[in-house]
Amino acid sequence: TEEEDENEEEEEEEEEEGSHNPRIQRRKRTKQIQDAIHYNNLGILHQTSGKPHTALHYYTRALSSLESLSSSHSSSSSSSCSGFANDGSVEPLPTSEILYNSSICAFMAGNLRGSYECMSSCVASSRFVFGKRGRCWLRMAECCIGLHAQLAQTKKNRTQSIPFRPAMNGYVSLFFRLACFCGYNVDT
C-alpha cells in the first residue's frame, strides 16, 4: 500500500542515483577487478597451452579493464585508485602481476620491445615487490640484449646494401647500456 509505494519509489531513486551510492560503486569496482583477474587467468591458461598471441589478447583485456577502472574512479572523488576505499579497507589492484605475466608472454612471442615496456612498467609500479626481484631485472636485460642483437643484425644487413647510418649505432649502444644497467641492478 502506501509503505510499499514509498519503498518502490526509494528503490527507483537508488537506481537513478546509483553512481553516487558508495555501495554500488564498490560493487562495480569489485566486478571490474574480478573481470581483470578472470582475463589474467585466461591469459595464463593460453600461455601455458603454447598460444602466446591469444594470451596477450587476454592480458590486454585485463589491463584495459583495470585502466577503465582507474579512469572512472579518477573522475569521482568518492573512491581513489590507490588501493584503499573510503572506509579504510584494502582493495589491491593486480596491475603489476598482469604486467609481469604479459611481459613474460610477450618475450615468449618474440616481442622484445613490448616485453621490456611491460616489465619496466611492472617494476616502476611495484618498486618494493617486483623492483627487488632480480629475475625482473634479468628479463629486462634479456630484452635489451635481444633488441641489441636485432639492431646489430639489421645494421649488418643494411651495411651490405645501404651505406651505414650513424643514428643506428646510437640505438644499439643505448640498448646495450640499458642491458648493462639492468644487469647491474640484479641483486645476488
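**Notebook: salt bridges and helix H2**

I began with Lys31, which forms a salt bridge with Asp35, and I noted that their closest N and O atoms are 3.0 Å apart. I keep in mind that this is a predicted model.

I then asked where the two partners sit, and found that Lys31 and Asp35 are four residues apart in helix H2, so about one helical turn separates them. Checking accessibility, I read 47% for Lys31, which counts as partly exposed, and 25% for Asp35, which also counts as partly exposed.

Next I looked up how many salt bridges the structure holds, and the count is two. The other entry I made is for Arg139 and Glu142, whose side chains meet in a salt bridge at 3.2 Å, N to O. These residues are three apart in helix H6 (residues 134–161), so they too are separated by about one helical turn. I recorded Arg139 as partly exposed at 26% relative accessibility, and Glu142 as partly exposed with a relative accessible area of 31%.

Returning to H2, I compared its span with expectation: at 1.5 Å a residue, its 27 residues should span 39 Å, and the end C-alpha atoms are indeed 39 Å apart, so the two values agree. I also listed buried residues of this helix, among them Ile33, Tyr39 and His46.

I followed His46 further, since it lies in H2 (residues 22–48). Its relative accessible area is 17%, and because buried means under 20%, His46 is buried. Leaving aside neighbours within four places in sequence, I found His46 in contact with Lys51, Thr54, Ala55 and Tyr58. Just after H2, I noted that Gly50 takes a positive phi of about 85°.

Methods:
Residues numbered from 1 in each chain as written. Predicted model: local features only at pLDDT ≥ 70, side-chain atom pairs only at ≥ 80, totals over all residues. Heavy atoms only, no water. Helix = DSSP H or I, 4+ residues; strand = E, 2+ residues; numbered from the N terminus. Buried < 20%, exposed > 50% of the residue type's maximum accessible area, 1.4 Å probe, protein only. Contact = heavy atoms within 4.5 Å. Expected span 1.5 Å × (residues − 1). Salt bridge = Lys/Arg side-chain N within 4 Å of Asp/Glu carboxyl O.
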